[in-house]
Amino acid sequence: YFDPARVDRVIQALRCLRHTQGKWAGRPLEPDDWQVAYIIAPVFGWVKPVEGDPGRSVRIIRDLYVEVPRKNGKTTLASGLALVLAFADQEPGAQVVAVAGSEKQARFCFDPAKKLASASPQLKTAGVKPLRSRIIQPSTDSYFEVAASVGDLLHGANLHAAVVDELHVHKSPDVIDAVESGTGARDQPLIITITTADDGRPDSVYAHKREYVEK
């Protein structure tokens with residue numbers, strides 16, 4: 001069933017974050033209408049009851065694929081959603097990672113999230129602390145961090161969520177496979193893949209994912 005209250009909760013959580021650059025600096029992170037309609041509402045609104053746990057429901061969407069041209073705010077939205085999943089998803093001990101083909105690429109998603117977290121009075125009040133490569137909330141043992149290799153993911157084998165940034169630059173599916181296998185123990189894990197199109201090369205990681213999505 002569709003639960004609009006859960007969608008509203010995500011939007012309100014995003015509004016607790018503040019833009020840090022350009023003309024939008026200091027303003028709340030307000031998702032665009034298309035982002036609500038095509039991403040936030042279907043992903044966070046559709047839920048199912050948990051068998052044996054009356055009154056509790058979990059998301060049914062586990063895999064989100066977003067492919068849009070550059071300058072559409074997808075990385076900012078993904079950074080905000082990563083913070084929501086880590087610190088406002090009612091998931092104790094949430095482990096959320098930013099994954100890319102290299103640490104530099106992974107930081108393209110993590111660093112904006114770090115700035116958003118640093119500028120949010122609500123997250124500061126909740127005890128969320130941004131570090132160099134990890135944002136932590138000691139009271140819930142939750143975190144959001146950079147993971148650029150399979151080795152980085154081994155210690156976080158109980159992932160609640162992951163953001164796979166710019167799929168088209170991934171040379172190998174190993175990190176993505178490790179992320180997908182690391183979410184099996186969670187009730188409502190979510191893997192967010194955001195990317196622009198590649199140059200049409202066959203047999204790339206992007207090409208295989210795009211073909212799967214189209215089918």
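**Entry 1: a word to settle before starting**

I call a residue buried when its relative accessible area is under 20%, and exposed when that area is over 50%, with partly exposed in between. I also remind myself that this is a predicted model, and every value below is computed from it.

**Entry 2: the whole chain**

I began with an overview. The protein has eight helices and nine strands. I looked up how much of the chain is covered, and 47% of the 215 residues count as buried. The accessible surface comes to about 10800 Å², and carbon and sulfur atoms hold 54% of that area. Then I turned to contacts between residues at least 6 apart in sequence: 71% of these join residues at least 24 apart.

**Entry 3: the nonpolar cores**

Which residues touch the most other members of the largest nonpolar core? I found L14, L83, I135 and F144, in a core of 43 residues. Helix α3, residues 74–87, supplies the largest share of this core, with nine residues.

I picked I135 for a visit. Setting aside neighbours within four places in sequence, I list among its contacts L83, F87, F110, A113, V128, P130, Y143 and F144. The list also includes K114 and K129.

Another core lies apart from the largest one; it has 14 residues, including V97, I176, V179 and Y206.

**Entry 4: aromatic rings**

How many aromatic pairs are there? I count two. F2 and W46 make an edge-to-face pair, with ring centres 5.3 Å apart and 65° between the planes. I checked the label: planes over 60 degrees apart count as edge-to-face, so an angle of 65° earns it. This pair links distant parts of the chain, 44 residues apart: F2 sits in the segment before α1, and W46 in the loop between α2 and β1. Both residues turn out to be partly exposed, F2 with a relative accessible area of 36% and W46 at 40%.

F110 and F144 form a tilted pair, 5.5 Å centre to centre with 45° between the planes. Here too distant parts of the chain are linked: F110 belongs to helix α4 and F144 to strand β7, 34 residues apart. Are these two rings buried or exposed? F110 is buried, with a relative accessible area of 0%, and F144 is buried at 0% as well. I met both names earlier, in the contact list of I135.

One more ring caught my eye. R134 lies over the face of Y143, at 3.9 Å from the ring centre.

**Entry 5: salt bridges**

A general thought first: side chains of opposite charge can pair when their charged atoms come close. A search of the whole structure gives nine salt bridges, and I looked up three of them.

D89 and R59 form a salt bridge in which the closest N and O atoms are 3.0 Å apart. The partners are 30 residues apart in the chain, with D89 in the loop between α3 and β4 and R59 in strand β2. How covered are they? D89 counts as buried at 9% relative accessibility, and R59 counts as buried at 0%.

E67 and R210 meet through their side chains in a salt bridge of 2.7 Å, N to O. E67 lies in strand β3 and R210 in helix α8, so this pair ties together parts that are 143 residues apart in sequence. Both ends are partly exposed: E67 has a relative accessible area of 25%, and R210 has 30%.

K215 and E211 meet in a salt bridge too, at 3.5 Å from N to O. K215 is exposed, with a relative accessible area of 80%, whereas E211 counts as partly exposed at 39%. I also noted a network: salt bridges with shared partners join E67, R210 and E214.

**Entry 6: a stop at V10**

My last stop was helix α1, where V10 lies. Is V10 buried or exposed? V10 counts as buried, because its relative accessibility is 6% and the cut-off for buried is 20%. Beyond residues up to four places away in sequence, V10 touches I40, F44, L81 and V84. I also looked up G80, which is 70 residues from V10 along the chain; the C-alpha atoms of the two are separated by 9.7 Å.

Notes
Residues numbered from 1 in each chain as written. Heavy atoms only, no water. Phe/Tyr/Trp six-rings, centres within 6.5 Å; stacked < 30°, edge-to-face > 60°. Helix = DSSP H or I, 4+ residues; strand = E, 2+ residues; numbered from the N terminus. Buried < 20%, exposed > 50% of the residue type's maximum accessible area, 1.4 Å probe, protein only. Lys NZ or Arg CZ within 6 Å of the ring centre and 35° of its normal. Core = buried A, V, L, I, M, F, W, Y, C linked by side-chain atoms within 4.5 Å. Contact = heavy atoms within 4.5 Å. Salt bridge = Lys/Arg side-chain N within 4 Å of Asp/Glu carboxyl O. Areas by Shrake-Rupley, 256 points an atom, 1.4 Å probe, with all protein chains shown as cover.
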